[in-house]
Amino acid sequence: DAPLLRVASADRQGGFGAALTGGEAIVAGGEGAEGVFRTDAVRLVPGGEQGIASEPLPNLNAPRADAVMTRLGTDPAAPILISGGRDGAGAVAGAELFRPLAGVFEPLLTNLSEPRWGHQAVLLPDRSVLVIGGFVADEVTTGTIELFDSSVASYQGVLATLADRAGRVGMTATSLPDGRVLIAGGLDASGQPTDAVFIARLDIATGAFSVLEATSLEVPRFGHSAVLLCDGTVLIAGGADGAPAERYNPPPEGRR
């Protein structure tokens, strides 16, 4: 797992980051004062008077806020994919890779088919990444799912489009032990909270991709949290006023 960090401060709204190994993290981008989008990045390391110190890194190749960082593996050298985001012109399609050992950002030769921010980007067992949903403009969402193939460091285009009932923003996307991805809750195509659950599966051997609806949540939720438990169930909490947390048991593969 590569925990995702959402970073906001007085001078960095919509900054984004990811955990590295050994207690380190990287934080980059964001929107500064007067709508100026930032390119600066820092590595946070244990130490210093406050228990953490920052080391400056080279700048991003493009300014952006509200992008998503996804670490492509657990080893110290695993690169980090920076996908989407927004800048002064709107949604961003461009992406780049951060190389932790070299400490550099590399622009990718291919872009997302659909620029977006507020999306989910989930690592699969073969180290490819599913990019799911998001905003394409203010108050305009998308249900498309795209694939980033880490073996060639390239986006492979749109795999599928979620049903209107599925969450497009504010949903959770949880990697399951068998490689499937559980997409739960969020705001649907009409902007309303949904209780819909879909399971996405990429067959690594054949390249076949499917998205099937599963049993719904107990209540509609958006902006909630989802944590995979050791028994393969998913703990889902928040995102609905007064609703208790629920433990979701994904159906076996091959069943809805």
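**View 1. Meet Leu-123, a partly exposed residue.** In this predicted model, Leu-123 has a relative accessibility of 27%. Residues under 20% count as buried and those over 50% as exposed, so Leu-123 is classed as partly exposed. Look for Leu-123 in strand β12, which covers residues 120-123.

**View 2. The company that Leu-123 keeps.** Which residues touch Leu-123, once its neighbours within four places in sequence are left aside? One group of contacts is Thr-70, Arg-71, Leu-72 and Gly-73. Ser-128 and Val-129 are also in contact with Leu-123, and so is Ser-175.

**View 3. From Leu-123 to Gly-15.** Along the sequence, 108 residues separate Leu-123 from Gly-15. In space, their C-alpha atoms are 21 Å apart.

**View 4. The whole chain, for orientation.** How many helices and strands does the protein chain have? There are 24 strands and zero helices. The radius of gyration is 18 Å, close to the 18 Å given by the globule rule for 256 residues, so the chain is as compact as a globular protein of that length. Its C-alpha atoms fill a box of roughly 50 × 40 × 35 Å along the principal axes. Of contacts between residues at least 6 apart in sequence, 41% link residues at least 24 apart.

**View 5. Surface and charges of the chain.** Buried residues account for 46% of the 256 in the protein chain. The accessible surface is about 11700 Å², with 51% of it belonging to carbon and sulfur atoms. The chain carries 18 positive and 30 negative charges, and the mean positions of these two sets lie 4 Å apart.

Note on methods:
Residues are numbered from 1 along each chain as its sequence is written. This is a predicted model: local features need pLDDT of at least 70, side-chain atom pairs count only at pLDDT 80 or more; totals for chains, interfaces and linings use all residues. Side-chain values use heavy atoms; hydrogens and water are left out. Helices (H or I, at least four residues) and strands (E, at least two) are DSSP runs, numbered from the N terminus. The radius of gyration is taken over C-alpha atoms; the globule rule is 2.2 Å times the number of residues to the power 0.38. Buried means under 20% relative accessible area, exposed over 50%, partly exposed in between (1.4 Å probe, protein chains only). Contact means heavy atoms within 4.5 Å. Accessible areas come from the Shrake-Rupley method with a 1.4 Å probe; for residues, only the protein chains shown count as cover. Lys and Arg count as positive and Asp and Glu as negative; His and the chain ends are not counted. The place of a charge is taken as NZ of Lys, CZ of Arg, CG of Asp or CD of Glu.
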